[in-house]
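I opened a fresh page for this one and looked things up one at a time. Here are my notes, in the order I made them.

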Amino acid sequence: MTDRNQSRTQVPEEVTLSRDLSLFTITMIGVGGMIGAGVFVLTGIAAGVAGPALVLVFLLNGLVTTLTAMAYAELGSAFPEAGGGYLWVKEGLGGAQGFLAGWMSWFAHVAAGSLYALAFGRFASELWMMAGLPSLGLSVAHLTLGFMTFIIAGFTILNYLGASETGTVGNIVTLTKVGILGLFVLFGIIAMLRTDAWHSRFTTGFLPNGPLSIFVAMGLTFIAFEGYEIIAQSGEEAIDPKKNIPRAIFGAVAIAVTIYVLVSITAIGATVAPEGMKAHEYLGEKKEVAVIEVAQQVFPWAIGGLVLLFSGLVSTMSALNATTYSSSRVSFAMGRDHNLPAVFSRVHRRRHTPHWAVVFSGGLMILMAWSLPIEDVAAAADIMFLLLFLQVNVAVMTLRLKMPDLDRGYRIPWFPVIPLVAIVCNGLLALQLFRFSPVAWYFALGWLVVGLLAYYAHFSRVEAMEKPKEILLEEVLVSRDYSVLVPVATQEQARILGKIGAVVAQDYGGEVLALHVVKVPPQLTLGEGRFLLKEGRPHLETVIQQAKERDVPVHTMIRLGRNVAEAVRKTAMENASDLIVLGWPGYTNTAGRLYGSVIDPIVDNPPTDIAIVRYREYRPLRSILVPVSDGPNSRRAVRMAVSMARASENGPVRVSVVHVVPVGARSAEVVRAEQTLRYVLEGIDAERVETRLVEGTDIVDSIIEETRAGDYDLIVVGATEEPLFRNLLMGSVSGQIARRAPVTVVMVKRRSSPLHSFLRQTVLEPSTGPRPTDSKGEGDHTDFEGGPE
């Protein structure tokens, strides 16, 4: 016997950040992250890949970005905490998926910061040379690395000081670069309109490298559209995040996409290329300084290069500021969840910043910038962001189903079409990047492998030990291979379900796992829910008594949980249960539910075989009616009926397996019905089973009439096998029988297939149904939670 009723005497102090960032500030953080090195460093490189289709590349990336931005807006408004996508994937998918989301997010933001710092170093070196300052014997490459190291260290210190200081500097820097880019576009359009046949640059040779080049360029430049994700990282420090996070995300995306498209039009249309070269070829040759070359041509007074160099410095500084902030918040959240060493979760006593997370993120940024070429840094960051965004879109679907009542400040329209399209787009763009930089993919895969090894070898165990204990009490006498899970919330349920669970377990030589879930209200922590321990013991004792009468071992458990259905599901999966027996009084007080807020999610996507007992007044068991149709659920129903008949203490029990056929059925219909009867009886001891065909115009009416005429004491029926994309739960026939039959009805359904389970957790909407109109005159029943819903 083990007793897990050991709880901490003190609830650990919650580690949080100060909330002082306004809507304008977090919007500027997003704009600063998006309009960074990407527009300066990658415009020339992408023009060389896609040609004049660069404009289309930016437009399509803006569309793909908007799809995933909707997921960030919904989840950012519902979970306003530091960590962003990492926390959402952890909540929606859990386990290694959650860890990988944080691991990839941290890498992606650090790699993006390295890209911005390298770009800053390159621009600063150019400016240094233009100013005629002494090189001190250093090459441009060495100067670049020196300036890069200096700027990363500077913004690491700035983020160490605090979010408000970071936000103020970031606002000034972001507004400055937006203004300079506005001047670039203005002078560029003036120069373009003065160029002869400028429009032919967009109509002739639009796709010089073929259609696939668009997708390669999209993947390459996608990092320039990523900064809106940083806004979600500020949720724990933002004012009124439920409203302001979605507003800031969509505002930042709109501003950045507009500027990118205008810059791309200006770059292609206004560039004067050397003789024999096209504009896009010249831009591709100039790579990260291409935009500066364009500025030198279009700005008056020959100051364009200087102005754009200054703008490049400002832009890369603001982007670096945003990614330093974001990477530190992701690693802080991971440290707080014990997915990184605890030092990452420490908050400075006076400045209220995750100072060690800032320092380690800045150090990793410097290491990465010294190790990889700029193109490979950008591609590696793109891959990580795309994989992270793919996970977030899956998480937004799973959380819609797991937490339908969550207070969301924004909801994605046309759900789940938009997240599915976003998943496909992100996945395709990530694969296309292999064509551009195989090295980046190898580096990204190496990072993932290292993360998984670290998680399974260490962090998963630390996480399990540190999180609040959900299981308050667990007692195990003996363990058997076959396990029947019996969740109970009332004495009536314990008596009825305990008896049925014990009967099935006895027939299979198994055990009963009696579970009581303590639903912890939101105002209490899970640790504080331990004070509710005593409430469940009497119910478990009743189940134990029922099992003892049949000499069946009992495994008992009291578990804490916010969501009863999830607690039941988790228990079934952790203990490899073979059957869940659930009780239903015949109605629900929850609008839009078929069987209740607890039963519906379990039945919709069963983790194992389930049996729902619609209990009526007790009757000694002498006869069982089993209506059948094609399908494995009917076979399970017959098997359960035979088990209950064998275990009956009231003498021989008659089991009648019936199939309803139309009145005056044709011979072919009769033959098919007889085949169905033979199918459901395969492998079953049919000694006490009788089979009959029953004629009727309505299946449900015929079964109810047969029940009354045959004076049956129990009905066991398999759930109708509904099509995958119909949300009918147990099927209309079995549900109607359960509501209308005068005796207890047991509805049986098999576990979900892996495909069905995945779709139910992501794509498909949760099942709903009309509010039942049944009278409650059959006893003072309660729903599973132990009270009205």
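**First look at the chain**

I began with contacts: among those between residues at least 6 apart in sequence, 83% join residues at least 24 apart. I noted early on that this is a predicted model. Next I looked up the secondary structure and found 27 helices and 11 strands. The chain has 789 residues, and 59% of them count as buried. For the surface, I wrote down about 31,200 Å² exposed, with carbon and sulfur atoms supplying 60% of it.

**How far to trust it**

I checked confidence before going into detail. The average pLDDT of the chain is 79, and 83% of the residues score at least 70. Strand β7 (residues 623-627) has the highest confidence, at 93. Helix α27 (residues 754-761) has the lowest, with a mean of 54. Over residues 722-731 the pLDDT is below 50, and this stretch has 35 contacts in the model beyond near neighbours in sequence. Residues 1-15 also stay under 50, and there the model has 28 contacts beyond four places in sequence. I left myself a reminder that predicted coordinates should not be read in detail where pLDDT is low.

**Two buried residues**

I picked L388, which sits in helix α16. Is L388 buried or exposed? L388 counts as buried because its relative accessibility is 0%, and the cut-off for buried is under 20%. Which residues does L388 touch, leaving aside neighbours within four places in sequence? I listed Y72, A101, M104, S105 and E229. I then followed S105 further: L388 and S105 are 283 residues apart in sequence, yet their C-alpha atoms are 6.6 Å apart in space.

My other pick was T43, in helix α2 (residues 37-50). T43 has a relative accessible area of 1%, so T43 is buried as well. From T43 to K286 I counted 243 residues in sequence, and 10.0 Å in space from C-alpha to C-alpha.

**Backbone oddities**

I went looking for unusual backbone geometry, with one rule of thumb in mind: most residues other than glycine have a negative phi, and most peptide bonds are trans. My stop was the loop between α16 (374-402) and α17 (417-436), where P416 is found. The peptide bond from F415 to P416 is cis, with omega near 5°. W414 is in the loop between α16 and α17 too, and its phi is positive, near 50°. Is W414 buried or exposed? W414 is exposed because its relative accessible area is 67%, and the cut-off for exposed is over 50%.

I found another positive phi at D711, again near 50° in a residue other than glycine. D711 belongs to the loop between α25 (699-710) and β10 (714-718).

**The second largest pocket**

Last, I looked into the second largest pocket. How much space lies in it? I noted about 560 Å³. It is lined by 26 residues, and the closest to its centre are K499, I500, Y618, R619 and L621. Which helix gives the largest share of the lining? That is α19 (residues 491-508), with 6 residues. By class, I recorded 11 charged, 10 nonpolar and 5 polar residues in the lining.

Definitions and conventions:
Residues are numbered from 1 along each chain as its sequence is written. This is a predicted model: local features need pLDDT of at least 70, side-chain atom pairs count only at pLDDT 80 or more; totals for chains, interfaces and linings use all residues. Side-chain values use heavy atoms; hydrogens and water are left out. On a 1 Å grid over the protein atoms alone, a cavity is a set of points where a 1.4 Å probe fits but cannot get out, and a pocket is an open set with protein on both sides within 12 Å along at least five of seven lines; lining residues have an atom within 4 Å of a point. Grid points are joined across faces, edges and corners, and a volume is the space filled by probe spheres set on the points. Helices (H or I, at least four residues) and strands (E, at least two) are DSSP runs, numbered from the N terminus. Ala, Val, Leu, Ile, Met, Phe, Trp, Tyr, Cys and Pro count as nonpolar, Asp, Glu, Lys and Arg as charged, and the others, Gly among them, as polar. Buried means under 20% relative accessible area, exposed over 50%, partly exposed in between (1.4 Å probe, protein chains only). Contact means heavy atoms within 4.5 Å. Accessible areas come from the Shrake-Rupley method with a 1.4 Å probe; for residues, only the protein chains shown count as cover. pLDDT is the predictor's confidence in each residue, from 0 to 100.
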